[in-house]
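Q: I have a model to read and would like to go through it feature by feature. Where should I start?

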2 protein chains.
Amino acid sequence: MSTVRGARERARIEVTAAIKDEAKKQLMAEGAAKLSLRAVARELGMASSALYRYFPSRDELLTALIVDAYDSVGESAEAAHRTARAEAATHVARWIAVTRAVREWALAHPHEYALIYGSPVPGYTAPQATIGPASRVGLVLIAVVADAYRTDGLALPPLADDLRAEADRMVAEFAPGLPPQAATPLIAAWSQLFGLISFEVFGQFHRVVEDREAFFREAVTELARTVGLLGGGAARRPAGTAGP
Amino acid sequence: MSTVRGARERARIEVTAAIKDEAKKQLMAEGAAKLSLRAVARELGMASSALYRYFPSRDELLTALIVDAYDSVGESAEAAHRTARAEAATHVARWIAVTRAVREWALAHPHEYALIYGSPVPGYTAPQATIGPASRVGLVLIAVVADAYRTDGLALPPLADDLRAEADRMVAEFAPGLPPQAATPLIAAWSQLFGLISFEVFGQFHRVVEDREAFFREAVTELARTVGLLGGGAARRPAGTAGP
DNA sequence: CCAATAACAAGAGCACTGCTCTTGATTTTG
DNA sequence: CAAAATCAAGAGCAGTGCTCTTGTTATTGG
């Protein structure tokens with residue numbers, strides 16, 4: 001189905017791409033709220049009504065941009081993982097490299113980030129087409145931990161009883177081969193990573209965190225510990241700083 | 001300045017409250033994107049132009065709702081803290097109670113939550129009026145850890161060198177009396193808490209996490225560990241689950 | 001007490017928006 | 001080559017935020 005049948009079909013995918021490109025430009029410049037179908041059409045020199053032949057509604061256009069954004073950040077994470085693996089970096093270093101790549105993508109594309117990890121703009125339920133691309137970053141994080149498990153094992157606390165079934169299901173579904181203890185810490189770290197990034201991108205760290213690079217590195221290193229990496233490192237908990 | 005001068009002033013605060021109430025109703029029902037000044041005016045039986053005597057723009061109305069939302073979730077967190085303290089709960093139990101209260105508020109008010117912890121809707125920078133209410137939840141978390149520090153001390157890893165100055169500034173500014181090692185773990189846990197909640201509220205856990213209560217409890221217990229609570233508990237890191 | 005002043009409500013109107021329907025031109029297909 | 005599908009464009013609808021103008025109240029100073 002990769003052959004283009006005629007001039008019409010060729011023009012169609014070309015115009016579709018042009019619409020998405022212009023929409024991305026407006027998204028980058030002004031954010032999702034200000035994205036206007038009429039403005040896109042105006043910039044492309046066509047009637048606004050003609051645009052509905054390519055995207056049946058504004059929400060459908062936004063969904064296409066959402067998928068592209070998920071793919072973009074997923075690609076960044078995967079690229080960082082590839083290079084870290086090629087450099088034979090430690091598993092913690094790979095974890096940090098991947099999370100750093102996600103953070104840097106978010107800072108470079110704040111509006112796209114807000115589109116996919118901020119408030120869901122169109123309706124409530126994410127369209128089916130987004131769930132695949134949406135999981136790419138999570139899969140990379142799983143891969144890092146799975147690699148570490150295979151070579152060094154993981155340092156993890158025992159599994160809570162009431163999460164046994166949940167954890168078994170999770171590893172069976174998303175991370176075959178990982179021990180069940182790794183499941184909930186991994187999912188938690190995944191969401192917490194985006195908590196760190198969201199607070200930075202959305203300005204919640206304004207006048208709170210200044211050296212954000214160092215702060216982030218420290219936070220994700222701790223996150224690496226909670227998913228079982230860094231188990232054989234230095235003593236985790238030195239004698240507590242005693243109270244008064 | 002609490003005395004109401006005349007019928008005019010009394011009517012003014014009454015109408016202002018009515019506008020905010022109706023706006024909150026629409027926000028709750030449809031979300032921030034669908035909130036319409038004209039619809040609010042229509043529902044209140046007044047002309048849309050009359051509304052501009054009370055709020056100079058739609059964004060100003062939204063800002064008022066943002067402040068109220070921050071106050072609402074802050075109040076929930078503070079109430080949970082008060083009752084946990086009154087019951088002489090352990091510090092970890094207090095931590096869990098506060099985080100649970102925030103989560104439950106978020107699940108009960110998803111649109112308000114999205115308004116304050118999702119993508120920033122109006123412009124880019126948060127108005128000055130929001131920074132005070134916005135910090136209330138964070139202050140409660142700090143209070144929990146500060147109490148624990150005073151009575152039991154905290155179990156924290158040593159401070160990284162490149163975060164020394166940052167940590168000193170943080171504790172001086174937001175958490176006087178806390179040791180500098182507590183600063184960055186606390187800020188990180190604060191943002192990560194909202195990562196957990198955002199993923200649940202925004203549907204990212206759909207078909208990933210099923211038993212969300214148990215998962216959340218486990219995740220915030222781990223978060224309690226990273227901020228230094230639970231230091232004297234069971235062994236943190238048992239022998240790793242060895243790899244193949 | 002009454003006029004000057006300020007605050008108010010309402011209406012009309014502007015420039016937008018998403019979206020639909022109809023009309024006419026173009027391309028693909030039987 | 002004719003029939004059918006696809007496309008572009010215009011007009012139009014209902015809705016939005018916001019402004020300006022015109023009256024109408026309530027508060028205030030002389």
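A: Start with the secondary structure of one chain. In this predicted model, chain A contains ten helices and zero strands. Read from the N terminus, the order of elements is therefore α-α-α-α-α-α-α-α-α-α.

Q: What box do the C-alpha atoms of chain A fill, and what percentage of its residues count as buried?
A: Along the principal axes, the C-alpha atoms of chain A fill a box of roughly 70 × 45 × 40 Å. Chain A has 244 residues, and 50% of them count as buried.

Q: How do I read a single helix, say helix 3 of chain B?
A: An α-helix has 3.6 residues a turn, so residues three or four places apart point the same way. Helix 3 of chain B covers residues 58-86, which is 29 residues. From first C-alpha to last, this helix reaches 42 Å, close to the 42 Å expected at 1.5 Å a residue.

Q: What is found at the start of helix 3 of chain B, and what just after it?
A: At the start, a side-chain oxygen of B:Ser57 comes to within 3.3 Å of the backbone nitrogen of B:Asp59. Just after the helix, B:Ala88 has a positive phi of about 55 degrees.

Q: How are aromatic pairs described, and how many does the structure hold?
A: A pair of aromatic rings is described by the distance of the centres and the angle of the planes. Over all chains, the structure holds 22 aromatic pairs. One of them joins B:Tyr113 and B:Phe194, which are stacked, with 6.4 Å from centre to centre and 20 degrees between the planes. B:Tyr113 belongs to helix 5 (residues 110-117) of chain B and B:Phe194 to helix 9 (residues 183-201) of chain B, so the pair ties together parts 81 residues apart in sequence.

Q: Are B:Tyr113 and B:Phe194 buried or exposed?
A: B:Tyr113 is buried, and so is B:Phe194.

Q: Which residues form an aromatic cluster?
A: One cluster takes in residues of chains A and B, among them A:Tyr70, A:Trp190, A:Phe202, B:Phe199 and B:Phe215.

Q: Which charged ends sit over a ring?
A: In chain A, the charged end of A:Arg103 sits over the ring of A:Phe216, 5.3 Å from its centre. In chain B, the charged end of B:Arg103 sits over the ring of B:Phe216, also 5.3 Å from its centre.

Q: How many cavities of 30 Å³ or more are there, and what lines the largest?
A: There are four such cavities, and the largest has a volume of about 250 Å³. Its lining consists of 21 residues, with A:Thr184, A:Pro185, A:Thr226, B:Glu218 and B:Glu222 nearest its centre. Helix 9 (183-201) of chain A and helix 10 (212-226) of chain B are the elements that give two or more residues to this lining. Helix 10 of chain B supplies the largest share, seven residues.

Methods:
Residues numbered from 1 in each chain as written. Chains lettered and ligands numbered in written order. Predicted model: local features only at pLDDT ≥ 70, side-chain atom pairs only at ≥ 80, totals over all residues. Heavy atoms only, no water. Helix = DSSP H or I, 4+ residues; strand = E, 2+ residues; numbered from the N terminus. Expected span 1.5 Å × (residues − 1). Polar contact = N/O pair within 3.5 Å; in protein donor to acceptor, adjacent residues only side chain to side chain. Phe/Tyr/Trp six-rings, centres within 6.5 Å; stacked < 30°, edge-to-face > 60°. Buried < 20%, exposed > 50% of the residue type's maximum accessible area, 1.4 Å probe, protein only. Lys NZ or Arg CZ within 6 Å of the ring centre and 35° of its normal. 1 Å grid on protein atoms, 1.4 Å probe; cavity = no way out; pocket = protein on both sides within 12 Å on 5 of 7 lines; lining within 4 Å. Points joined across faces, edges and corners; volume = space filled by probe spheres on them.
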